[in-house]
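Me: I am new to this structure. Please take one part of it and walk me through it closely. Then show me how that part sits in the rest.

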Amino acid sequence: MAAQEQLRLRRPRTFCDRKDVLNELNDAELIKRYRLDREGILFVTNLVRETLARPTARNKALSPEMKVIITLRFLATGKMQLCNSDDLGPSQQTVSRVITETLDALSSRPILAQFIKFPITPQETQRKKMEFVQIAGFPGVIGVIDGTHIRITAPKEFEAEYVNRKRYHSINTQIVFDAKYKIIDIVANWPGAVHDARILNESGLNRFVFGRGMLPDGCHLLGDSGYPSKKWLLTPYLRPRPGPQSNYNRCHKKTRSVVERGIGQLKRRFHVLHGEIRVSPPAKVCMVIEVCAMLHNICKDRNIGIPAGEDYNNGEEDDDQQPLEPPPQPAAARPREGLLYRDQFVNVHFNNDE
């Protein structure tokens, strides 16, 4: 018996042959499975090649390309099981370790900052305004803002703080899109119970970018009625009067719809964001969200579309695109400055007979 046990322990490990997807699949097949074409996968790999290629004593160590491919497959599907059922080779345990390692590398601040950038210079803001005004004639807009809830499993700590108004656990993510559906700002670190207005108030946009006057005059974001009106954040009238206010609301709705469609594109591209993300702790979910946002922008830069038929909610309206519940403070208690500014803005730009 001892001899048999000794023989079993000495038995050499066997390794599955790994599929060379970069050379075996064409670009259309790569985009369908991994959301990037061959050049795009290599581009992303090169961003983190040094980090992922650290020396290891493991036999048959995975290449940086394979680590990125495994992670992209997880983000595209939301299912770790598909990462090793694609003949990629690694075990489920290895897949989990590789995804964590790659997400950690891709979510570093310097890398994210290369691809998620808020317009600051006069040239950048003017270009954003020109792109937005072409949608519905709404002037002075450089971005549209909204919150979306990313479903997570119940965390072990502070569980109640992650239960949102829809009664499921989530990360409430603030996101800003430009007119070309690129993400120019994202905040993905708040529990689901936190209201959009508080996330905005604590964000760098409020405290630094707009709060400290880093932008040229006349730059605005558009948000829904869940946000407080500010001199730089224009919200719709809850009960608009006929004339300028109704004109304003109509153009506001059409322009702000970019953020709703943008969130839909993001979730269709990366299905992991639509279903329940089964990773822990929540900080790791935040990395998933930020990396998906960065990869979405890379796809936009490289003109890589969403594969045909990728409808994450089967055509149904996303709960997160429904109007928010009223904000914590009634309108009368909000700072009057933002409401007065909105009235002046409307009278200047929407005082016509359309």
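**The sheet and its surroundings**

Reply: Start at a turn. Strands E2 and E3 form a hairpin with five residues between the strands. In that hairpin, tyrosine 181 takes a positive phi near 65°. The model is a predicted one.

Now follow the two strands themselves. E2 covers residues 170-177. E3 covers residues 183-191. The two run antiparallel, and six bridges join them. One facing position is easy to find: valine 176 stands opposite aspartate 185 in E3.

Next, step back to the whole sheet. It is open and has five strands, in the order E3-E2-E1-E4-E5. The pairing is mixed. E3 and E5 are the edge strands, and each pairs on one side only.

Is E3 enclosed or open to the outside? Eight of its nine residues are buried, so E3 is largely enclosed by the rest of the structure. An edge strand in the pairing is thus also a strand with much of its length covered.

Move along the order to E1 and E4. These two strands pair in the parallel sense, over three bridges. E4 is short to trace: it takes in residues 220-222. Here glycine 143 stands opposite leucine 221 in E4. Keep one rule in mind while looking at any of these strands. In a regular strand the side chains alternate between the two faces of the sheet.

Two arginines are worth finding next. Arginine 151 lies over the face of tyrosine 168, at 3.8 Å from the ring centre. Arginine 342 lies over the face of tyrosine 237, at 3.9 Å from the ring centre.

Tyrosine 237 leads to the aromatic rings. The structure holds ten aromatic pairs. One of them joins phenylalanine 138 and tyrosine 248. Their ring centres are 5.5 Å apart, with 55° between the planes, and the pair counts as tilted. This pair links distant parts of the chain, 110 residues apart. Phenylalanine 138 sits in the loop between helix H9 (122-136) and strand E1 (141-151). Tyrosine 248 belongs to helix H12, residues 244-269. Both residues are buried.

Tyrosine 248 has another partner, tyrosine 237. That pair is edge-to-face: 5.6 Å centre to centre, with 75° between the planes. Tyrosine 237 lies in the loop between strand E5 (233-234) and H12, eleven residues from tyrosine 248. Tyrosine 237 is buried too, as is tyrosine 248. The links go further. Ring pairs join Phe138, Tyr237, Tyr248, Tyr341, Phe345 and Phe350 into a cluster. So the loops that flank E1 and E5 each give a ring to this cluster.

Stay on H12 for one more residue. Serine 257 has its place in this helix. Its side chain reaches the backbone oxygen of lysine 254 at 2.6 Å. Why does serine 257 count as buried? Its relative accessibility is 13%, and the cut-off for buried is under 20%.

Finally, place all this in the whole chain. The protein chain has 14 helices and five strands. Buried residues make up 51% of its 354 residues. The chain exposes about 18,200 Å², and carbon and sulfur atoms supply 48% of that area. Contacts also reach far along the sequence. Among those between residues at least 6 apart, 69% join residues at least 24 apart.

Key
Residues are numbered from 1 along each chain as its sequence is written. This is a predicted model: local features need pLDDT of at least 70, side-chain atom pairs count only at pLDDT 80 or more; totals for chains, interfaces and linings use all residues. Side-chain values use heavy atoms; hydrogens and water are left out. Rings of Phe, Tyr and Trp (its six-membered ring) pair if their centres lie within 6.5 Å; planes under 30 degrees apart count as stacked, over 60 as edge-to-face and the rest as tilted. Helices (H or I, at least four residues) and strands (E, at least two) are DSSP runs, numbered from the N terminus. Buried means under 20% relative accessible area, exposed over 50%, partly exposed in between (1.4 Å probe, protein chains only). A charge sits over a ring if NZ of Lys or CZ of Arg is within 6 Å of the ring centre and within 35 degrees of the ring normal. A polar contact is a pair of N or O atoms within 3.5 Å; within protein, one must be able to donate a hydrogen and the other to accept it, and residues adjacent in sequence count only if both atoms are side-chain atoms. Contact means heavy atoms within 4.5 Å. Accessible areas come from the Shrake-Rupley method with a 1.4 Å probe; for residues, only the protein chains shown count as cover. Two strands pair if DSSP finds at least two bridges between them.
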